[in-house]
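Me: Could you take a close look at one part of this model for me and walk me through how it is put together? I'd like one connected answer rather than a list.

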Amino acid sequence: MEQNNYKGWLYLLPAIAFLGVFMVYPLVDVFVYSFEEGYNSASQTFFGTGLYNYAYVLHDPYFLQAVKNTLILVAITVPVSTGLALLISVGLSSIQKLKDLFQTVYFLPYVTNTLAVGLVFMILFKKTPYTDGLVNLIIGLFGGKSIDFIDGPYWAKMFVLCFYTVWVVMPFKILILTSALASVNQDYYNAARVDGTSKLRIFGRITLPMISPMIFYLVITGFIGAFKAYSDAVAIFGTNLNAAEMNTIVGYVYDMLYGDSGGYPSYASAAAIILFAIVLTITCINLMISKRSVHY
Amino acid sequence: MKVVLQNVTKKFPSRSKKAPEDVIAVNDFTFEIPDGQLIGLLGPSGCGKSTTLNLISGLQKPTSGRIFFDTNDVTDLPPENRGVGLVFQNYALYPHLTVRKNIMFPLQNFKGEAKLTKEVMEEKVLEAARLVQIDGLMERKPSELSGGQQQRVAIARALVKMPSVLLLDEPLSNLDARLRLQTREELRRIQQETKITTIFVTHDQEEAMSISDMIIVMSAGVVQQIGPPQQVYDDPVNLFVAKFLGTPPINVFEGEVREGKLYIGQEAVLQVPGAADQPVTVGIRPEGFVLREDGPLSCNLSRVEVMGRDISVVSTHPLCQNTAIRSIISAENQHSVGGPMVRFALKPAKVFLFRKDSGERIRFEVD
């Protein structure tokens with residue numbers, strides 16, 4: 001074994017080379033940029049090194065707004081989308097008729113274009129001088145006051161963003177959860193039935209633990225996905241997210257690089273590294289919790 | 001508790017478009033299982049054994065017919081109200097729960113007045129665990145147990161609520177040969193200690209014969225014969241039952257009855273008074289052969305296998321349906337085997353005649 005070690009490395013070489021060039025090197029590079037003040041990618045020059053970039057980013061009100069938005073988005077959409085997906089999956093797996101139809105319908109958002117759907121959402125929610133939009137029409141029916149969800153108060157805009165995000169991420173979760181539910185051996189349910197277990201208890205004590213690995217998988221990827229949200233906000237509120245107070249961390253990074261106020265790769269790198277640190281921490285916590293509560 | 005099935009039929013709708021008629025898994029079952037006995041439900045794969053078990057447990061509803069526990073009609077009762085314990089072929093132990101919690105699971109379902117205190121539950125769990133001798137493994141997860149231990153946990157879980165009927169679906173099929181022997185003795189012991197009416201499904205005739213008080217032999221959804229194992233073995237009602245029971249299997253010949261004598265080929269091998277003249281299928285148990293130099297049945301000797309207590313004479317005969325005739329002869333007679341031919345006399349009680357068309361038994365007088 002020992003002498004043949006180099007052979008193993010040889011087999012791994014292509015993969016390691018690709019990963020090194022396209023993943024490890026950029027990551028390290030971003031890390032380095034984040035400590036270089038006023039780095040210019042064209043001239044490859046910078047003024048000095050230090051923590052100045054971090055200090056600037058952490059004091060930038062736009063960045064703080066983006067962090068706040070992202071955290072709210074994560075805190076709302078991950079639990080809501082996972083919970084709803086679970087409900088819908090359980091419903092789907094307990095019906096017989098039209099099951100395939102419903103499954104297809106629930107999966108449709110996954111194959112539709114994010115930006116096109118964003119446009120539709122905007123039309124549904126937007127209030128213009130000519131029309132209040134469909135959603136406001138419904139609110140009006142119940143006697144509520146119309147609100148501009150796209151250009152109005154902060155909470156209304158956040159609501160649309162969360163709604164839209166949940167709508168976009170649900171199909172994948174439903175797909176995963178319905179297949180997880182289908183793969184639970186029917187004998188467990190039969191055994192529980194013979195022993196007179198109530199439906200609720202079967203769900204809580206058998207179904208949930210059995211599919212818990214999949215639920216945790218969805219929560220972890222859901223967190224990561226929500227932290228990296230950007231295109232959803234653009235689809236609804238347009239590219240000037242800072243003005244709309246709807247920027248996300250990734251949006252901030254993008255703006256710093258290419259936006260109207262852009263051309264600051266150092267600040268972008270620092271923001272990206274902060275995002276990386278947040279995601280890493282949350283994912284580690286998630287994994288720790290899942291190790292403790294997934295039992296097999 | 002007595003279990004009675006009355007004209008129970010179970011049909012499944014056909015899934016294939018080419019053969020749209022229903023699949024009849026269980027066809028017009030009528031039998032009565034006496035209280036406190038161990039019953040083996042025996043038959044080849046796909047003969048409806050497991051369906052019968054599911055019908056008794058209530059997991060499936062019969063298409064027609066009634067099922068009684070003692071005098072109570074339970075046909076329309078859901079499984080949870082029947083008070084049955086069911087052990088699944090794959091045990092269906094909850095993988096995320098420890099042995100203790102697995103066994104306790106059924107007890108925690110009791111509601112209202114039947115609800116038990118924590119102490120009583122613990123006690124009952126321990127009692128059931130002791131009965132199947134797994135009380136040392138209570139904190140383990142099923143994945144940390146061997147197949148035999150998992151099997152015991154499954155039985156304990158089925159027994160803990162003191163069911164009126166215990167049902168086991170192929171309980172030993174996932175165990176290795178040695179463990180199977182040991183576990184079937186265990187099963188017998190547990191059944192005798194608890195006196196719970198127990199029905200177990202198996203395709204292994206040896207397993208069923210060795211521990212059952214009574215066996216029910218099934219084929220293609222129809223009950224063939226019910227009775228104590230020895231009786232079914234000694235007195236099969238048809239060719240199927242005769243072929244299905246016994247190792248080595250029964251030897252089947254083409255033969256003919258003429259004037260009270262059984263002919264195999266040109267040789268008159270046995271007096272069969274009372275049987276009408278007709279072509280027949282002859283079944284001869286391996287122990288029904290007697291080596292005799294002037295015996296009426298002559299076969300071509302292939303080899304002799306020595307098994308210590310007995311010897312097994314393997315031979316061939318042109319009219320035998322088996323590829324080889326196996327006869328079990330006590331070892332003292334070994335000296336008389338030799339040469340290309342071997343001659344047998346037959347023990348009348350070990351020879352069965354069957355109708356050629358239906359396979360039904362033709363009886364003759366044995367003195």
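The request and the reply below stay with one strand and its surroundings, then step outward.

Me: I'd like to zoom in on strand β11 of chain B, residues 251–258. Which strands does β11(B) sit between in its sheet, and where does B:Glu256 belong in that picture?

Reply: Sure. Keep in mind that this is a predicted model. Let's start with the sheet. Six strands make it up, in the order β13-β12-β11-β14-β20-β21 of chain B, with antiparallel pairing. That puts β11(B) between β12(B) and β14(B). The sheet is open, and its edge strands are β13 (267–271) and β21 (361–362) of chain B, each of them paired on one side only. As general background, strands of a sheet pair through backbone hydrogen bonds, in either a parallel or an antiparallel way.

Now the two sides of β11(B). On one side, β11(B) runs antiparallel to β14(B), and seven bridges hold the pair together. If you want a spot to check by eye, B:Asn251 faces B:Ile284 in β14(B). On the other side, three bridges link β11(B) to β12(B), residues 261–264, and this pairing is antiparallel too. Here B:Val257 has B:Leu262 as its bridge partner in β12(B). β11(B) and β12(B) form a hairpin with two residues between them. Look at the turn as well: B:Glu259 has a positive phi there, about 50°.

Follow the sheet one step past β11(B) and you come to β14(B), residues 278–284, which pairs with β20(B), residues 351–355. Five bridges join these two, again antiparallel. B:Val282 is the residue to look for here, as it stands opposite B:Leu353 in β20(B).

Back to B:Glu256, which lies in β11(B). Is B:Glu256 buried or exposed? Neither, quite: there are 16 other C-beta atoms within 10 Å, so B:Glu256 comes out as partly exposed. The cut-offs make that easy to follow, because a residue needs 20 or more such atoms to be buried and 12 or fewer to be exposed. Setting aside neighbours within four places in sequence, B:Glu256 touches B:Tyr263, B:Pro279 and B:Val280. Those contacts fit the strand order nicely: B:Tyr263 falls within β12(B), residues 261–264, while B:Pro279 and B:Val280 fall within β14(B), residues 278–284. For a sense of scale, the C-alpha atoms of B:Glu256 and B:Thr51 are 39 Å apart, with their positions 205 residues apart along the chain.

For the start of the strand, try B:Val252 as a second landmark. Its C-alpha atom is 5.5 Å from that of B:Gln321, although the two are 69 residues apart along the chain. B:Gln321 isn't in a strand itself; you'll find it in the loop between β17 (310–316) and β18 (325–330) of chain B. Its burial is a middle case as well: with 13 C-beta neighbours inside 10 Å, B:Gln321 counts as partly exposed.

So where does all this sit in the chain? The domain assignment splits chain B into domain 1 (3–241) and domain 2 (248–362), and β11(B), at residues 251–258, falls in the second of these. The centres of the two domains, taken over C-alpha atoms, are 39 Å apart. Where they meet, domain 1 of chain B gives five residues and domain 2 of chain B gives seven. On the domain 1 side, four of the residues are nonpolar, one is polar and none is charged.

Zooming out once more, chain B has eight helices and 21 strands. Its C-alpha atoms fill a box of roughly 75 × 45 × 45 Å along the principal axes. Of its 367 residues, 41% count as buried. Among the contacts in chain B between residues at least 6 apart in sequence, 66% join residues at least 24 apart. The B:Glu256 contacts with B:Pro279 and B:Val280 are a local example of strands brought together by the fold. Finally, chain B also meets chain A, in a contact that takes 14 residues from chain A and 17 residues from chain B. On the chain A side, the elements giving two or more residues are α8 (186–194) and α9 (199–227), with α8(A) supplying the largest share, six residues.

Terms used. Residues are numbered from 1 along each chain as its sequence is written. Chains are lettered from A and ligands numbered from 1 in the order in which they are written. This is a predicted model: local features need pLDDT of at least 70, side-chain atom pairs count only at pLDDT 80 or more; totals for chains, interfaces and linings use all residues. Helices (H or I, at least four residues) and strands (E, at least two) are DSSP runs, numbered from the N terminus. Two residues are in contact if their C-beta atoms, placed from the backbone, lie within 7 Å. Domain bounds come from an automatic or database domain assignment. Ala, Val, Leu, Ile, Met, Phe, Trp, Tyr, Cys and Pro count as nonpolar, Asp, Glu, Lys and Arg as charged, and the others, Gly among them, as polar. Two strands pair if DSSP finds at least two bridges between them.
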